[in-house]
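Here is a quick tour of a two-chain model, written for someone who likes to poke at contacts and torsions. Have the viewer open as you read.

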Amino acid sequence: MPTTTASAVCTTVGNNILLRLTSGERDVKLKALRELKNQIIGNRTKKLSFLKLGAVPAVAGILSDAVSAVDVADNDENDRIVKDIIVQSAAVLGSFACGFEAGVRAVLDAGADILIQRGCLVEEMPLLKSYMEVVDAGARSLKMIYQSKMAPKYDFLQEENMEFLLSLLNNESENVSGLGASIISHSCKTSLEQKLLFDAGVLKRLTSLLGGSLIQRDASLESIATIFKNNPEVVSQFVGPDTGRTLSCIIEIVKDRFARTRLLASLCLIVIRNASPCYLQDVGIKTKLINNLLELLDDPGRVGDEASFAFSSLIAEKEDMQKLAFEVNGVDKLYNHLQKGSLHPRRFEGILLALADMCSKLECCRSRCLSLQVLKLVVDALAHDSSDVRSAACMCLRSVSRSIKNLSAGSFMNETIVIPLVRLLDDTSTAVQVAALGAISNIVVDFTTRRSTFIRLGGVKLLVQLSKSMDSTIRLNALRALRNLIFLAEDKCKEEIFMELTASLLASLICDPEPSVQEQALALVRNLVDGRINSVEYIFAEDGIILDAVGRQLRIASKAEIEIQGMYVLGNVATGKESHKEAVMDQLLLRAENKAQSCIIKFLQSNDSRLRTAAVWAVLNLTCSSSPGSSGRLVKLHDAGIVSHVKNMVNDPCLDVKLRVKTALEQFNSFDDSLASTSCLQFLTVRAVGELSHVVDPSSKEEESIANYFRFSMKKNKKKKSTRTVKFCFDVPADSL
Amino acid sequence: MSKKVITREEWEKKLNDVKIRKEDMNKLVMNFLVTEGYVDAAEKFRMESGTEPDIDLATITDRMAVKKAVQCGNVEDAIEKVNDLNPEILDTNPQLFFHLQQQRLIELIRNGKVEEALEFAQEELAPRGEENQSFLEELERTVALLAFEDVSNCPVGDLLDISQRLKTASEVNAAILTSQSHEKDPKLPSLLKMLLWAQNQLDEKAAYPRINDLATATLEDPAI
């Protein structure tokens, strides 16, 4: 079938209609409008072709003329035709704007939204206002326009706009009140706007609409959610008898017969719940919401797709909700949906994210996932066409790989997982790359030291490449992954990684414009120089540019996290040979410009106990009694005023700090006494403690158990004199170390 | 396993003890008439029983006009009427719109207008398949009609049945009802389904007078 014939026909018909639209006779115009309307409704292809023929400005012109003609109305017949023309042209414009971006743009460009508002809805048109058809037609069309992302921003701050909006909401017609609600749902973005709307009392009307028709109910639910979203202040003002009524009304609607309404009601409650510490916190409502959303997943259409996102917003970051969801077999239910196969991408993404949230904090969820063989489906999703799905799959992996039990069993470090993940490091989408880095950061914490798999598959090359990315988020996450990869790695492994990284790259990353990147780079170096004495040598590569960079950053940094990592680097280097210790001394005693004292003094006085701890460690390691040069270093430290500061910390409120200070003081004192044989054992113990280079942060339960694992495994290793506890980071939010 | 036997006398006595309100029954009847679109009957019933319909009877007339147009094969007319009633319906229901277009094609083929049918398929239906992959299979089936000389006896001949028209008509009816916030299915069939289900459940435990013919609803003695 020749395509040219079809489009030629289309154009002929199209041109014919457009020609008749320009006719001077109203009847002809009206007929042409109706035909145009019937051609384009539901028909995206026709909309496009009529758009190209310039239909939108033509119809907007007709509408404009008709609206002006209303004033000149002289008889009923005329009125009727003018009214019909307005209705039909509004319908045409509304249809062009319906789910069709190019159409919305054309309609807005022609100023049709203002025309429709003026012509159909504004009070000054009493003649037309008596025709409900006109009002309805106008309201419908405007609603279509406002449902688009390109809709003009409704300026709530303007008083007349607010009044107009209120008049819309209070209107009897469900199309008109629906338009009002639609404007709120789509235009209200800032907290100021939310407050304005709340203060204007729209909630009362919206609540009454909850009892209206289906359309009014749905529109109202969306609007209510929009007003409260992420705004604890507005929610806190939502008190009084009205509140109870509104809330119980919405809670009832959660059981509505229509799936979409149930979803909207749930979303509304979730929004209120998330913004308020006191509403909707009882177990009953929590369980109801969870069960409702899990059930909504069964819906085959859009509602089912969106239900999983709603579920995520309900449980994200909330351990109690995740536990409840687990108890009602949430993981299994999500898995069952995942299993169905050939899922719509949106649905696929939603379910993966929901699983990611379920497994973010609870080991029971992760275990369940792994026992159900979820991993296989997740790994398949890593190669999905949609970047959102790929991203979601990575996030799911990241959550599941927080399982220490399985990390230590090496469940994740195998080719089926690593190969597709590494491939994603090269993904076209930045978001996917970042998500993949997150998953990799966890997976490379492999306790069975099978990191060679990752290295062999080219992982390191890609990570190093990404650490040079223009995008700071990518640099940051790549460094985090490298940091975890290098943690307690074998010598050969470290060497390969360092060769790829190079000293100059590390030095420049330490001086990166982004503070968070600096922090990760320093943490990486800290893990790099940990281990055998020869690991410390890395920091002296290329004339010691890394050490210089570390020193420099310590002198100018203002962020505690950077200072902490930097001090631990110096502290670790100070466990090395004499020359290493001397190099650290040089760095410490170097003063920054305009500074009268060494930076370490500032750290010793810091409010942050972690920083004080790190600083004392460095001093400890520099002055350990068994090293020949220690007494000389002690003198220098004394002269710089550092020793007296440490002495002042003897009653530090933080136990960690206090214990280290005690040890340090004992070390200082040992140089005063002569070496008595009875003290030998004591010195040995002190020295062993002094070589501790990492400290575990007990704030995270998981890290504590990892630390215990290592304490155990290291104790078995007789060659090492010291027990080492370790520090590394899981890919967790910034506040945990 | 021995089942409990309930005689007709016992059963009828039990039935008599259950009270049903007349208003409830009237509402069910009205709901049925309104949803199915029997305007005149609904109007008369309202007058005679005093039962208020749950939607405006005037809107039923419009809806019925659409349904009738489809049932008679005047699909273009039906589309115009739907768009007059509510231009949003077809714009937001791609599946319904596709089925209506499909029906138009079927009618053209039924009337032997092959040239027009070809053009229509090319211009109107093919784009639907392009816009939405899920329609492709049905599209192919429909277009296949054009390939056969003897359309009524071909593998896709069922598309020419009146039942296809009724199916489309029913779909349009449901969409209009939904847009008017009304439920698209009457309550009566659900009630009857429940009755049948309940009887099936009871069959496992007892022998009792059953309703086997829903149309007559007569009690038939249990087989002993």
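Contact here means heavy atoms within 4.5 Å. The model is a predicted one, and with that cut-off 25 residues of chain B are in contact with 31 residues of chain A.

**Where the chains meet**

How much area is buried between chain B and chain A? About 2,200 Å², with carbon and sulfur atoms giving 51% of that area. On the chain B side, B:Glu88, B:Asp91 and B:Gln122 supply 25% of what chain B buries against chain A, more than any other three residues.

There is plenty of charge to look at, too. Seven salt bridges are counted between chain B and chain A. One to pull up is B:Asp91 with A:Lys47, where the closest N and O atoms are 2.8 Å apart. Polar contacts between the two chains come to 11 residue pairs, counting pairs with both residues at pLDDT 80 or more.

Which helices of chain B each supply at least two residues of the side that touches chain A? They are helix 5 (75-85), helix 6 (88-91), helix 7 (94-110), helix 8 (114-131) and helix 10. Helix 8 of chain B gives the largest share, eight residues. Sorted by type, the residues on the side of chain B that touches chain A are seven nonpolar, eight polar and 10 charged.

**A threonine in helix 10 of chain B**

B:Thr168 sits in helix 10 of chain B, which covers residues 162-179. Is B:Thr168 buried or exposed? It counts as buried, because its relative accessibility is 2% and the cut-off for buried is under 20%. The side chain of B:Thr168 has a polar partner: a polar contact of 3.0 Å joins it to the side chain of B:Gln103. If you leave aside neighbours within four places in sequence, the residues in contact with B:Thr168 are B:Val70, B:His99, B:Leu100 and B:Gln103.

**Chain A and the nonpolar core**

Over to chain A, whose secondary structure comes to 45 helices and zero strands. Chain A has 737 residues, and buried ones make up 58% of them. Take the contacts in chain A between residues at least 6 apart in sequence: 71% of these join residues at least 24 apart.

The largest nonpolar core has 243 residues. Those with the most contacts inside that core are A:Leu121, A:Phe228, A:Phe311, A:Leu352, A:Leu421 and A:Met567. For a closer look, pick A:Phe311: beyond its neighbours within four places in sequence, A:Phe311 is in contact with A:Ile290, A:Leu293, A:Leu294, A:Ala325, A:Leu334, A:Ala354 and A:Met358.

**Two torsions to check**

Most residues other than glycine have a negative phi. Two loop residues of chain A go the other way, with the values below.

| Residue | Phi | Loop in chain A | Relative accessibility |
|---|---|---|---|
| A:Asn329 | about 65° | between helix 20 (319-327) and helix 21 (330-339) | 45%, partly exposed |
| A:Gln373 | near 65° | between helix 23 (363-371) and helix 24 (374-381) | 54%, exposed |

Why does A:Gln373 count as exposed? Its relative accessibility is 54%, and exposed means over 50%. A:Asn329 has 45%, so it counts as partly exposed.

Definitions and conventions:
Residues numbered from 1 in each chain as written. Chains lettered and ligands numbered in written order. Predicted model: local features only at pLDDT ≥ 70, side-chain atom pairs only at ≥ 80, totals over all residues. Heavy atoms only, no water. Helix = DSSP H or I, 4+ residues; strand = E, 2+ residues; numbered from the N terminus. Buried < 20%, exposed > 50% of the residue type's maximum accessible area, 1.4 Å probe, protein only. Polar contact = N/O pair within 3.5 Å; in protein donor to acceptor, adjacent residues only side chain to side chain. Buried area = accessible area lost by both parts, 1.4 Å probe. Salt bridge = Lys/Arg side-chain N within 4 Å of Asp/Glu carboxyl O. Nonpolar A, V, L, I, M, F, W, Y, C, P; charged D, E, K, R; others polar. Core = buried A, V, L, I, M, F, W, Y, C linked by side-chain atoms within 4.5 Å.
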